Amino acid sequence: MTTYVVRRLLQGVLVLIIVTLFVFLVMRLLPGDPLMLYVAQSELGSYTEEDMAKLRHEYGLDKSLPMQYIDWMGGILQGRLGTSIFLKENVTRLVAERVPITLHLGILSMILSGIFGVFFGLICALRRGKWPDTVFTVLANIGITAPSFWVGILLIYFLALKLGLLPVYGYTSPFTDFSLSSRQLVMPVFCLGLFSLAALTRQTRSSTLEIVRQDYIRTAWAKGLRERIIVLRHIIKNALIPVVTILGIQVGHVFGGAVLIETVFNIPGMGRLLRDAVFSHDYQIVQSGVLIISATVVLANLAVDISYGWFDPRIRYN
Amino acid sequence: MAISNETPVGADAAQLAVTKHYSETRRVIRIFFGRSLNVVGLVFILIFVITAIFAPWLAPYDPYKMDLGNQLKQPSLGHLLGTDPLGRDTLSRIIYGSRTSIVIGIVAVGASAVIGFILGLVAAHFGGITFAIIMRFTDALMSVPMLIIALIIASLLGGGIVNVIIALGVGSIAGKIRMMCGMALTIKQNDYITAGRSIGVSDWRLMLLHIFPNCFPPLLVMITMQLGSVILAEAGLSFLGIGIVPPTCAWGSMVNDGYKYLLTNPVLSFAPGLAIMIVVFGFNMMGDGLRDSLDPKLRGAF
């Protein structure tokens with residue numbers, strides 16, 4: 001087990017190095033000079049060649065590509081993510097400010113979609129063909145297809161603008177004003193989790209339907225166990241393996257979705273930061289943002305793979 | 001069983017005498033059309049394709065023609081879905097938007113499928129260092145969400161259909177490599193591959209004529225589903241303002257443009273979003289249907 005985890009972690013590090021190289025090269029080899037954009041946007045507008053060279057030197061952009069890469073990686077190892085050209089801010093500080101907001105949103109939506117997705121899926125499978133099955137299956141099929149940003153706009157229109165039930169948009173820290181914060185989060189968390197919720201419902205339904213056909217479930221019924229015991233002890237644990245796989249994949253989706261949802265609801269999280277940085281070719285922020293996201297995804301996948309052993313002791317890591 | 005009672009017209013009589021003819025294609029069609037949601041999906045896709053092809057005849061107005069005297073009109077008989085801030089007819093723009101979606105969907109998925117399947121086959125077939133390099137590269141691509149890869153590439157290349165296709169193609173390639181590779185590794189174990197190798201069949205011939213066709217059904221399902229998700233991702237990019245640049249009609253950017261007028265003209269962002277949803281729903285249901293009808297594990301279950 002330990003060897004397995006260590007090997008996977010090493011593989012993960014390799015993957016992350018490839019990601020950093022990939023992002024680094026893509027950002028620099030594709031057209032577009034961040035300094036030109038920066039200069040074009042600033043009010044002064046009268047930058048001489050000399051000023052440009054000075055700026056270039058200041059941000060280390062006059063060095064060769066391999067040196068720039070080494071500088072960046074060296075910084076990461078020391079916990080420094082560099083300085084944003086555009087916002088003139090320390091990227092570490094920016095990220096530390098924005099990541100918790102996205103995590104707040106993302107973790108809430110993952111937990112809620114996980115609980116409700118498995119619950120709805122189980123109901124559908126155990127009451128196959130009855131009305132809850134039909135209703136939830138249709139809703140789940142709609143849920144995996146609805147564009148999240150559009151659902152967000154619909155919710156804003158009906159719940160916030162027409163009915164006035166919830167604040168339109170924005171983000172407040174739960175430590176400042178818990179009730180406002182929670183009310184502001186209802187719609188974004190729903191939109192961010194909608195796809196996962198629907199996908200998990202579908203997956204739980206189909207994997208439960210597979211499990212209930214197994215011999216050991218028939219045996220459990222035959223020996224007179226109550227339905228609750230069969231579902232809790234025999235069905236759920238076995239049906240959850242493919243569900244956990246999906247949950248792992250959703251970690252990436254949450255970050256992707258956060259870019260859209262944070263834009264719709266005007267939430268100053270990691271997604272918005274990344275989007276703005278991409279627009280202004282802000283190398284340092286994009287690089288660090290992508291690195292953080294992919295590290296999270298790699299760790300989540302490792303956690304998923306390890307958890308298989310708990311759900312099904314027959315799975316061994318050798 | 002309606003099918004086994006039918007006499008296949010023009011079938012070889014000698015063969016009929018030996019075995020009862022059982023058509024695989026018919027079985028697939030029967031299962032596919034047996035579930036109403038699949039049919040709904042197919043109908044949605046047909047409507048989508050027909051709309052895209054015949055857009056100039058179906059659209060009541062020129063989607064690019066501005067009419068400044070007719071801005072932000074509410075839905076009426078003249079303009080069924082109203083007009084946008086530049087006085088353009090929303091319905092016509094949605095009809096033309098189907099062309100953008102379909103072109104991007106088909107080209108991005110097609111191109112990434114060709115490259116992804118070849119890379120997957122090569123990785124599985126040659127193994128060793130080739131496998132390690134291709135798969136680590138795939139892992140890296142998979143660890144970054146598709147939308148973010150596409151966002152970075154599209155923003156650097158700039159908007160426009162070709163660049164969005166490149167961005168979404170790169171963003172969606174990793175899943176195809178991994179799936180192809182996984183299936184090819186299983187099929188490689190079969191005796192007929194060893195047999196082929198022993199009589200000196202070339203590597204490429206083995207890969208393309210012996211391994212690939214055996215992976216085809218699941219790949220077809222994957223491609224169908226991906227058409228939906230790429231169209232969804234394109235809408236997301238355009239919504240963020242990076243995808244398709246104005247004045248080209250794209251559903252995602254229409255939703256974004258309409259968002260500013262949500263209070264007065266909600267239909268401006270509701271309608272194109274609904275169009276995206278219907279099309280993606282169509283492809284998902286069709287993919288589900290294909291999986292149910294092509295899956296050998298379910299063979300004989302109906």
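**Exercise 1. Decide whether B:Ala140 is buried or exposed in this predicted model, and describe its surroundings.**

Solution. Begin with the count of neighbours: B:Ala140 has 22 C-beta neighbours inside 10 Å, and a residue is buried if 20 or more other C-beta atoms lie within that distance, so B:Ala140 counts as buried. It should be kept in mind throughout that this is a predicted model.

Next, place the residue in its element, which is helix 7 of chain B. Besides B:Ala140, the buried residues of this helix include B:Thr138, B:Asp139, B:Leu141 and B:Met142.

Then look for the partners of B:Ala140. When neighbours within four places in sequence are left aside, B:Ala140 is in contact with A:Val15, A:Ile18, A:Val19 and A:Phe22. The cover over the buried residues of helix 7 of chain B includes helix 1 (2-29) of chain A together with helix 10 (173-188) of chain B. Finally, compare sequence and space for one pair: B:Ala140 and B:Ala174 are 34 residues apart in sequence, while their C-alpha atoms are 8.7 Å apart in space.

**Exercise 2. Work out what span helix 7 of chain B should have, and check it against the model.**

Solution. The helix covers residues 128-142 of chain B and has 15 residues. The expected span is 1.5 Å times one less than the number of residues, and for helix 7 of chain B this comes to 21 Å. In the model the end C-alpha atoms of the helix are 21 Å apart, which agrees with the expectation.

**Exercise 3. Describe where B:Pro85 lies, and state how it is classed by its neighbours.**

Solution. B:Pro85 is in the loop that runs between helix 5 (55-58) and helix 6 (90-126) of chain B. With 15 C-beta neighbours inside 10 Å, B:Pro85 is partly exposed, because the class lies between the limit for exposed residues, 12 or fewer, and the limit for buried ones, 20 or more. Setting aside neighbours within four places in sequence, its contacts are B:Gln71, B:Leu72 and B:Tyr261. B:Leu157 is 72 residues from B:Pro85 in sequence, and the two are 28 Å apart in space, C-alpha to C-alpha.

**Exercise 4. Explain what is unusual about the backbone of A:Asn266, and find its place in chain A.**

Solution. Recall first that most residues other than glycine have a negative phi. A:Asn266 has a positive phi of about 55°, although it is not a glycine. The residue is found in the loop between helix 10 (227-264) and helix 11 (270-279) of chain A, and with 13 C-beta neighbours inside 10 Å it counts as partly exposed.

**Exercise 5. Describe how the two domains of chain A meet.**

Solution. The domain assignment of chain A gives domain 1 (2-77) and domain 2 (94-311), and the centres of these domains, taken over C-alpha atoms, are separated by 33 Å. In the contact, 14 residues of domain 1 of chain A meet 13 residues of domain 2 of chain A. On the side of domain 1, the elements that give two or more residues are helix 1 and helix 2 (34-41) of chain A, and helix 1 gives the most, with 10 residues. That side divides into 10 nonpolar residues, three polar and one charged.

The confidence of the prediction deserves a step of its own. Chain A averages a pLDDT of 85, with 94% of the residues scoring at least 70; among its elements, helix 2 of chain A has the lowest mean pLDDT (64), and helix 7 of chain A the highest (92).

**Exercise 6. State how many residues each chain gives to the contact between chain A and chain B, and describe the side of chain A.**

Solution. Chain A supplies 39 residues to the contact and chain B supplies 36 residues. The elements of chain A that each supply at least two of these residues are helix 1, helix 6 (131-143), helix 7 (148-162), helix 10, helix 11 and helix 12 (283-311). The side of chain A that touches chain B divides into 30 nonpolar residues, eight polar and one charged.

**Exercise 7. Set out the secondary structure, extent and burial of each chain.**

Solution. Take each chain in turn.

- Chain A has 12 helices and zero strands, its C-alpha atoms fill a box of roughly 85 × 60 × 35 Å along the principal axes, and buried residues make up 36% of its 318 residues.
- Chain B has 14 helices and zero strands, its C-alpha trace spans about 75 × 55 × 25 Å along its principal axes, and buried residues make up 45% of its 302 residues.

Terms used
Residues are numbered from 1 along each chain as its sequence is written. Chains are lettered from A and ligands numbered from 1 in the order in which they are written. This is a predicted model: local features need pLDDT of at least 70, side-chain atom pairs count only at pLDDT 80 or more; totals for chains, interfaces and linings use all residues. Helices (H or I, at least four residues) and strands (E, at least two) are DSSP runs, numbered from the N terminus. Two residues are in contact if their C-beta atoms, placed from the backbone, lie within 7 Å. Domain bounds come from an automatic or database domain assignment. Ala, Val, Leu, Ile, Met, Phe, Trp, Tyr, Cys and Pro count as nonpolar, Asp, Glu, Lys and Arg as charged, and the others, Gly among them, as polar. pLDDT is the predictor's confidence in each residue, from 0 to 100.
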